Amino acid sequence: MKNILITGGAGFIGSHVVRLFVTKYPQYKIVNLDALTYAGNLENLKDIDHSANYFFEKINLLDPDKLNEVFKKYQITDVIHLAAESHVDRSIVSPLDFVYTNIIGTVNLLNTARHAWKDNYSQHLFYHISTDEVYGALGETGLFTESTPYHPNSPYSASKASSDHFVRAYAETYHMHTVVSNCSNNYGPFHFPEKLIPLFINNIINKKPLPVYGDGLYTRDWLFVKDHALAIDLIFHEGKPDETYNIGGFNEWRNIDLVKLLCKLMDEKLGREMGESEQLITYVKDRPGHDRRYAIDATKINKELGWKPTVTFEEGLSQTIDWYLSNTEWLNNITSGAYEKYYNLMYTNR
Ligand code: NAD
Ligand code: DAU
């Protein structure tokens, strides 16, 4: 019997993790703790929110009293920590938001768990979800392994690196059981349309320019979000305490090649003339400190836990586009109001 606190469950990846755990483990109590920032949306969970084993608490990680109350109320046994400020461009505009949530918020959560579990740390797990961006940028060759030194380049990745270090420090200092996984770029349903793939899908639908940063030759390693959720499930249950696991699909794409594939698939699905959407591609000013290339070596999780992606990129991308095309209400709800302000701030002066 486990009472698992999943933080950030109303966000993109968190909602997939919550859905997987609520449906796969009816014997567990799943408590979704989320502050519902601009990125948190309970609509992402409306198919499972009536489940008997699902509970939601609107709480900010910056409120330690509330965190304590939740631990007591549900007798929390384990944590899967996803809540974070997650967008690199926003971290360049407002770094402090990232310091507060990603660093101080994580330390608040660690402290709460440390006190709640002090009688027997070995019975409990604090699982911290991190990113490959902590390793910095790769050149033309090489892959990030679990022993690649940290070299974060953006305020976002620096804040995630810091939180990873705090998790390690709590394991060493207080002997809490922890595990960390560092994943590459995710894509899929419920992805907030500020990130490359959902932003471009939305812009293609609306025939708006596709703002490609710099020369478009930056490379990312893409993984379907449901495969990330399956990896999290496996690591949570079978990962070795105090270990780190890299998660990725050996699926590198240069941004411009990915955008052209997206345009082609969208033209087919929307019944537009082939090549029409590619004309929307607009090269814009580069992201400051833009990491050239990320690529994950996922050998360890494959060899030790038997994980590998289940969905090819072409299948995943096609499913993702179909999902956005049939969930226009979800997209329209998000892209009105505050999102519109953000979009104008980020893109009108580029
Ligand atoms: P997201 O931005 O979609 O969701 C983040 C969630 O956290 C939102 O629901 C938001 O309301 C909540 N949140 C933010 N600040 C909070 C606070 N102070 N207190 C409580 N809740 C708060 O993020 P995502 O893309 O789903 O990423 C989830 C995690 O996975 C993050 O830790 C991120 O660093 C990591 N990650 C993301 C990717 C990716 O490609 N998206 C890849 C690797 C790792
Ligand atoms: O690698 C994992 C990380 O992936 C996660 O930790 C982050 O939370 C997640 O946001 C993502 O970070 P990226 O910066 O790689 O993702 P983003 O979708 O913002 O950008 C992907 C690439 O596309 C990057 O090279 C920048 C480029 N880009 C992005 C946007 C939004 C553009 O060219 N134009 C755009 O408008």
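How many residues surround ligand 1, and which are the closest? In this predicted model, 28 residues surround ligand 1, and the closest are Ile13, Asp34, Ser86, Tyr156 and Lys160. A second ligand, ligand 2, is surrounded by 25 residues. The points below describe the surroundings of each ligand and then a nonpolar patch on the surface.

**Ligand 1: polar contacts and burial**

- Aspartate 34 places a polar side-chain atom 2.5 Å from an oxygen atom of ligand 1.
- For lysine 160, a polar side-chain atom lies 2.7 Å from an oxygen atom of ligand 1.
- Asparagine 186 takes part through its backbone, with an N or O atom 2.9 Å from an oxygen atom of ligand 1.
- Taken alone, ligand 1 exposes 840 Å², of which the protein buries 96%.

**Ligand 1: make-up of the shell**

- Two or more residues of the shell around ligand 1 come from each of the elements α1 (12-24), β5 (125-131), α5 (155-174) and β7 (185-187).
- Strand β5 provides the largest share of this shell, three residues.
- Sorted by class, the shell around ligand 1 holds 14 nonpolar, 12 polar and two charged residues.

**Ligand 2: polar contacts and burial**

- The closest residues to ligand 2 are Thr131, Asp132, Tyr156, Arg287 and Tyr347.
- Tyrosine 156, which is also listed among the closest residues to ligand 1, has a polar side-chain atom 2.6 Å from an oxygen atom of ligand 2.
- In the side chain of arginine 220, an N or O atom is 2.8 Å from an oxygen atom of ligand 2.
- The side chain of tyrosine 347 has an N or O atom 2.7 Å from an oxygen atom of ligand 2.
- On its own, ligand 2 has 690 Å² of accessible area, and the protein covers 94% of this area.

**Ligand 2: make-up of the shell**

- The elements α6 (196-205) and β8 (210-213) each give two or more residues to the shell around ligand 2.
- By class, this shell consists of 12 nonpolar, seven polar and six charged residues.

**A nonpolar patch on the surface**

- Leu62, Leu96, Val99, Tyr100 and Ile104 make up a nonpolar patch on the surface, and together they have about 400 Å² of accessible area.
- One of these residues, tyrosine 100, belongs to helix α4 (residues 95-116).
- Because its relative accessible area is 39%, tyrosine 100 counts as partly exposed.

Note on methods. Residues are numbered from 1 along each chain as its sequence is written. Chains are lettered from A and ligands numbered from 1 in the order in which they are written. This is a predicted model: local features need pLDDT of at least 70, side-chain atom pairs count only at pLDDT 80 or more; totals for chains, interfaces and linings use all residues. Side-chain values use heavy atoms; hydrogens and water are left out. A residue is near a molecule or strand if one of its heavy atoms lies within 4 Å of it. A polar contact is a pair of N or O atoms within 3.5 Å; within protein, one must be able to donate a hydrogen and the other to accept it, and residues adjacent in sequence count only if both atoms are side-chain atoms. Accessible areas come from the Shrake-Rupley method with a 1.4 Å probe; for residues, only the protein chains shown count as cover. Helices (H or I, at least four residues) and strands (E, at least two) are DSSP runs, numbered from the N terminus. Ala, Val, Leu, Ile, Met, Phe, Trp, Tyr, Cys and Pro count as nonpolar, Asp, Glu, Lys and Arg as charged, and the others, Gly among them, as polar. Patches are made of residues with over 30% relative accessible area and no salt bridge: like charges are joined within 9 Å, nonpolar side chains (Val, Leu, Ile, Met, Phe, Trp, Tyr) within 5 Å. A salt bridge is a side-chain nitrogen of Lys or Arg within 4 Å of a carboxyl oxygen of Asp or Glu. Buried means under 20% relative accessible area, exposed over 50%, partly exposed in between (1.4 Å probe, protein chains only).
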